[in-house]
Amino acid sequence: MYRIRFHGRGGQGMKTASRILGTAFFLEGFEVQDAPRYGAERRGAPIFAYVRADRHPIRERGVIQRPDLVIVADDSLVPVPGAGVISGLDDHGILLINSEESADTWRHRLSIGSPILTVPDHSGDPAGQRFLGASCAGAAARLVGVISREHLIQAIGDEISALGTAAATASLVQANSDRALDAYEAMAAHAGCVSEGSGISAADYRSPDWVDLPSDPATVAAPAIHAGATSVEVRTGLWRTLRPVIDYSRCNHCWWVCSTFCPDGAIDVAADGEPRIDYDHCKGCMVCVAQCPPHAIEAISEQQAQRQETQAADRENSV
Amino acid sequence: MNHNPDSAGNPRFQRMKDLPSTHLLGTGTPMCSGCGGLAALHEIYDIIGDKSVFINAAGCMTLLSVYPFTPFRGSWLYTSMASAPAGAQGVRDALDILMQKRRMAASEDMEVVVLTGDGSAYGMGLSATSGAMERNLDFLYICYDNEGYGNTGQQTSGATPHGARTATNRGLSGFPGFKKDLFSIWAAHKPAYVATVIASEPLDLARKIDRALSLKGPRLIIALAPCPTGWEFEPQQSVDIGRMAVKTGAWPLKEYIDGEFVHTRIPRHRLPVEQYLQLQGRFKHLFEPRRNDVLINEIQDRIDRYWRNVSSG
Amino acid sequence: MSRSLLTGNGAAAWGARLALADYIPAFPITPQTEIIETLANWIDTEAMAARLVTLESEHSMITAAGAAAATGVRVFSATSSQGLLHGMEMIYTVAGWRAPFVLVNVSRGLASPITLEPDHNDVLAARDSGFLQIHCATCQEVLDSILMAYRLAENDRVRLPVMVNLDGFYLSFTREPVTLPDAKTAADFVGSYDPENIRFRASAPVSQAVAVLGGGPYSYFRYESHLAAESALEVYHQVADEFENLFGRRHEAIDSYRTDDAELVLVMLGSFATKAQQAVDQMRDAGQAVGLLRPRLMRPFPRQQFRQLLAGKKGVAVIDQNLSMGFGGILHGELASALYGQPEAPPILASFVAGLGGRDITGEEFFAMVEETRAAVASDQIPPPRLLYTQAELREVRKLQAVAQVERVELKQPQTVQGGQANES
């Protein structure tokens, strides 16, 4: 059985990616199971979707524990523990990262046994972002090596038109197909490198470390939070794909506009009258950019900003 | 159904003599003797007729149909306290679907009528009523309002008037809150028709029901229901108390139609409200052992203020 | 017939469409909403000749569903979790009207604490209502069961509403290959709805759902509903035969997997049972005589069939994805009552509570449950009920409690227990 996981952010098309790949497998005659995994998360938050494909009916369910292939649409998610990108990856599973950086850099950074591949990302290209799902599906289709171009294209046609919006025109299908084929070709050298993982054995398995739940008093065991504003421990800055940056030379120290209109209250004005953006919590909505009277706030790509930061850190480490 | 004006354009009910003299609603129901709600219902049923299905909510009138007895010559469905308008939605939609798909002749169609007490109408059922109006459901809603949870022994409801003593407000000043203005709440939804009626004014009642039947969409009627058991008076006084409610201005008779509010009866010389209150045991504490002028005046003031707005408006 | 990838929700919508439902009272709730959105879209584009009305609550939705069914149209509706509970007064009420319709429940755990993820406490809260219950393990079964449910509900010996249950996320949002019956065959199978004397017509007045005075008539009407539910078992078998003849798929009241020569048998409801099937194969590969029973019918409860299928087995592990506070697993209790006093009943009936609020059950955990049951058989001691819960999960909760600033007076640290060695608390 093939077990494949797609990681990205809400809005980056990971559900579409899993459906395109699932349908492509199905068209190749595989039994298939695909599903997105999301709960209360919102646009920008890490989500994942998965595909199982086998020649026999699939009875395994739920989250994939030991993937054969993990595809990451957004490389800024890789180091985020909560995103669970590398969860269950061992030397069997392949990690494909959509990234400007080299596989070597990632190998060095992650120190995991799993083979790592990269494809150039489209973060600088807003059009590329729209078709990330199709790109990821195209790359995965080539890496498993059992999906033909024709079935990939047919799957894209099925899935993009099934989105059912007025925008689902032939040109949209075409644009998605082009991106998927680009990724499919880009992976030619690694075609078929993904292999089907094996199941577990009842003769030799690791016992679950079950515990007896202690009977705690209701003061402990009721689902109550006994403090205010504990939500600040949630780093919603991870949702951001665009980063607002203040140009203090243009800031007119109005003291209130960006700070008041920031929906998350992630901008405070310091005693000196200068606003400071709390990047741990800024979700990247860009309301501040839109509202700032002297246009002193600029939106830059979060990925580029992070890459520059990481490279600077890497340089420092190597010195 | 014969509720439209005749060919000459005359309303069907012009004089008392136009009112039906034989009655459709069966006798033998377990309602209290002297029940002002039952009186209103039987007058209303004469106008609606038996081509109707009544959707009932928990309340006194749930007991109209106790197996195997029913006073209705048409149909009836008991739902729950909160959801009678939703039951009307299901029945109305189903009848429409059946006619649309030609599985039922149009002659089998019926008027869908919700019947609830004030406990449901003013409280638990308000959300379902609001929803039905939003969806522009074609139905008639009859609320018999006896100003308390009568079926359980007259506890305070959303319709209980200021100062009334109830099973849950037994103190010297009775219920400290105020009767909710359900007429305005309903009218704020801009339905086809809203009206207040009372059994003691049968001609006014008949005209309003007739008018409601000539319209499509949500049509809602509140019938004040003098209640011998809950209001503490002798059954024989039921009609007199109803008349007094109108003469003192405590129960304004009015309608909302085509976006307009119309009072169908403006008492020229309004009697003091205490003449209405004195007849009822639930207000006895306003007069005995000592007269509570503060509270009586407060009740009178609110009525005066209401009518001042009517005459000035 | 065509085969395509459908989510459980998509399959449910197809079930309603192929059953030619006339009327769909609706109210959104996760993870069910996709069903009503799909149906609404089909109705808007005239792919389906039905009327969908969004009510203002599930309480009203169930009322409208029952009222429309009582007027003589074919009704479909869907809900989940808190929605089912909000409508619960009407679930009981409309079942007593003896007006048939089909309600899909997409299982989701109940508050408190509130969650979006699945377990079976919602649908089992409706266990005693008079609705029949069919529980599904695959998306295909969701579609097939809805068609079968109409036959069951509308059968003149039954005349009760039927609930078709599927697990949130694990089926609702998961695509699997589903064979779509062709519309004509499905319509022939379901047939047209003849409400007989259950309908409102101007020419034939009915007073429906009236009050009774006294326990005599009350008991009569209630017990008649029970007898109708019981007779649904026999009707179910006929419907399943006919379904198999037309569509080639057999859906038993209890799905039995490799139990013939099994010594130990797992019993569980819903979609996690396919994982159990896989575990059974893996245990068979390791030479263990293990099988699986999955009741599809929870109401009526197929007790006679359970007795037959479990006769002579050494041990049974019941896995409940539900929890009755102060009692334990509900299916375990029901099965115990069915087996009590049967001469060949298995001596060991172990109880496991697992999968609450979407908590996964791993393959290894199926092995471990069987191992505990085997140890119980060897020692002839019924083991105490067990919640499947790991050391790591408890550690994680302790971390959350630290953030919540719970008074950590004496938070007990987790202690690992050996399989089969748990202490009864």
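This passage goes through the chain contacts, one helix pair, one pocket and a few backbone oddities of a predicted model.

Starting with how the chains meet, two pairs of chains are in contact, and chains A and C share the most contacts of the two. Chains A and B, on the other hand, do not touch. The nearest C-alpha atoms of chain A and chain B sit 27 Å apart.

Within chain A, there is a helix pair to look at. Two packed helices are described by the angle between their axes and by how far apart those axes are. For helix H1 (residues 14-27) and helix H4 (residues 132-144) of chain A, the axes come within 8 Å and cross at roughly 35 degrees. The crossing of H1(A) past H4(A) is right-handed. On the H1(A) side, the contact is made by A:Met14, A:Ala17, A:Ile20, A:Leu21 and A:Phe25. H4(A) answers with A:Gly133, A:Ala134, A:Cys136, A:Ala137, A:Ala140, A:Ala141 and A:Val144. Sorted by class, that makes eleven nonpolar residues and one polar, with no charged residues in the contact.

Chain C brings in the second largest pocket, whose volume is about 1400 Å³. Its lining counts 45 residues, and those nearest the centre are C:Ala95, C:Gly96, C:Phe221, C:Arg222 and C:Ser225. Several elements of chain C supply at least two lining residues each, namely helix H5 (88-95), strand E9 (207-208), helix H9 (215-247) and helix H12 (330-339). H9(C) gives the largest share, with nine residues. The mix here is 23 nonpolar, twelve polar and ten charged residues. As for where the pocket sits, domain 1 (2-247) and domain 2 (254-390) of chain C both contribute to the lining, so the second largest pocket lies between them.

That leaves the backbone. Most peptide bonds are trans, and most residues other than glycine have a negative phi. Against that background, a cis peptide bond links B:Tyr67 to B:Pro68, with omega at about 5 degrees. B:Pro68 falls in the loop between strand E1 (52-56) and strand E2 (75-78) of chain B. Another cis bond runs from C:Ser112 to C:Pro113, with omega near -5 degrees. C:Pro113 is also a loop residue, placed between strand E5 (102-107) and helix H6 (121-125) of chain C. Over in chain A, A:Ser111 takes a positive phi, near 40 degrees, despite being a residue other than glycine. The loop that holds A:Ser111 connects helix H2 (103-110) and strand E6 (116-119) of chain A.

Notes:
Residues numbered from 1 in each chain as written. Chains lettered and ligands numbered in written order. Predicted model: local features only at pLDDT ≥ 70, side-chain atom pairs only at ≥ 80, totals over all residues. Heavy atoms only, no water. Axes fitted to C-alpha atoms, helices over the stretch in contact; angles between N-to-C directions. Helix = DSSP H or I, 4+ residues; strand = E, 2+ residues; numbered from the N terminus. Left-handed = near helix turned anticlockwise from the far one by under 90°. Contact = heavy atoms within 4.5 Å. Nonpolar A, V, L, I, M, F, W, Y, C, P; charged D, E, K, R; others polar. 1 Å grid on protein atoms, 1.4 Å probe; cavity = no way out; pocket = protein on both sides within 12 Å on 5 of 7 lines; lining within 4 Å. Points joined across faces, edges and corners; volume = space filled by probe spheres on them. Domains from an automatic or database assignment.
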